[in-house]
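Biologist: I would like a close look at a single part of this protein, taken slowly and with its surroundings included. Please choose one helix and tell me what covers it and what its charged side chains do.

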Amino acid sequence: MELTYTITLDDLMRFVEHCYRTSASARRTKRACCLLTSLFFASWAAYYYWQIRVFDFGLILLGGQAVLCAVFLPRGYDRLSLMTMYRELIMRPELSDEGLLRLVVDPDAVTEVAPNRETRRGWADIFRVEETDCYLYLFDTAKSAIIIPHYSFTDRRAYEEVRRQILEYAPKRAA
């Protein structure tokens, strides 16, 4: 089976976001950063109270800072991390996989043909297959995948046929 479709910068950005949101190491780093920052301000507030033993404006500011860090820092951390990754895609377009691609699905391998390269992966080399609302990802490493957008199909039956073949050929691995 052969399929021709176009990958846009938006598709690549959504893939980066998907990888970031599902990455266990990114989650651990974010939790550690946010927890340590909140604990820093909470311990500072406790130390301040221990020194003066009075509930005053300084204690309210330090305690409020600890609460604000616990509530708002995770979202800010995500935003900054994703902006950094998006900037990397935009600033280095020569390393991008944008453009017209051709995907060939065979019983023994999947081949992605771009204007400047051809990538052939055996089904044993496919790390995992993930499906989101708008994309089907064939991961060959934890951070690299063949992206198949749903909008590239003319009808739902064609997408279901490609999806069925990929899931049939891809190795069944425990999640």
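Modeller: What follows is a walk along one helix and then outward to the parts around it. Please keep in mind throughout that this is a predicted model.

The helix is H1, residues 9-22, and its length can be checked: at 1.5 Å a residue its 14 residues should span 20 Å, and because the end C-alpha atoms are 20 Å apart, the expectation and the model agree. The buried residues of H1 are Asp 11, Leu 12, Met 13, Phe 15, Val 16, His 18, Cys 19 and Tyr 20. The cover over these buried residues includes strand E1 (2-7), helix H2 (24-52), helix H3 (57-91), strand E5 (128-131), strand E6 (135-141) and strand E7.

Turning to the charged side chains, Arg 21 and Glu 17 meet in a salt bridge of 3.5 Å, N to O. Both residues belong to H1 and are 4 residues apart, which is about one turn of the helix. An α-helix has 3.6 residues a turn, so residues three or four places apart point the same way. Neither partner counts as buried: Arg 21 is partly exposed because its relative accessible area is 43%, and Glu 17 is partly exposed at 28%. This pair does not stand alone, for Glu 17, Arg 21, Lys 30 and Asp 78 are linked in a network of salt bridges. Within that network, Lys 30 and Asp 78 form a salt bridge whose closest N and O atoms are 3.2 Å apart. Lys 30 lies in helix H2 and Asp 78 in helix H3, so this pair ties together parts that are 48 residues apart in sequence. Asp 78, at 12% relative accessibility, counts as buried because the limit for that word is 20%.

The network leads to H3, one of the helices covering H1. The buried residues of H3 include Gly 58, Leu 59, Leu 62, Ala 66, Cys 69 and Asp 78, and the buried residues of this helix pack against H1 and H2. H3 also has a kink of about 45° at Phe 72, shortly before the proline Pro 74. On the H2 side, Ala 45 lies in that helix and is buried, with a relative accessible area of 9%. Leaving out residues up to four places away in sequence, Ala 45 touches Leu 59, Leu 62 and Gly 63. The C-alpha atoms of Ala 45 and Thr 6 are separated by 54 Å, although these residues are 39 apart along the chain.

The strands in the cover deserve a look as well. E6 and E7 pair in the antiparallel sense over 6 bridges, and a hairpin joins E6 to E7 through 2 residues. Within this pairing, Leu 138 stands opposite Ile 146 in E7. E7 is mostly covered, with 5 of its 6 residues buried. His 150 is placed in the loop between strand E7 (144-149) and helix H4 (156-169). At 17% relative accessibility His 150 counts as buried, and its side chain makes a polar contact of 2.9 Å with the side chain of Tyr 159. Beyond its neighbours within four places in sequence, His 150 is in contact with residues including Glu 131, Tyr 135, Leu 136 and Arg 156.

Methods
Residues numbered from 1 in each chain as written. Predicted model: local features only at pLDDT ≥ 70, side-chain atom pairs only at ≥ 80, totals over all residues. Heavy atoms only, no water. Buried < 20%, exposed > 50% of the residue type's maximum accessible area, 1.4 Å probe, protein only. Polar contact = N/O pair within 3.5 Å; in protein donor to acceptor, adjacent residues only side chain to side chain. Contact = heavy atoms within 4.5 Å. Expected span 1.5 Å × (residues − 1). Pairing = 2+ DSSP bridges. Bend = angle between axes of the 7 residues up to and from the residue. Salt bridge = Lys/Arg side-chain N within 4 Å of Asp/Glu carboxyl O.
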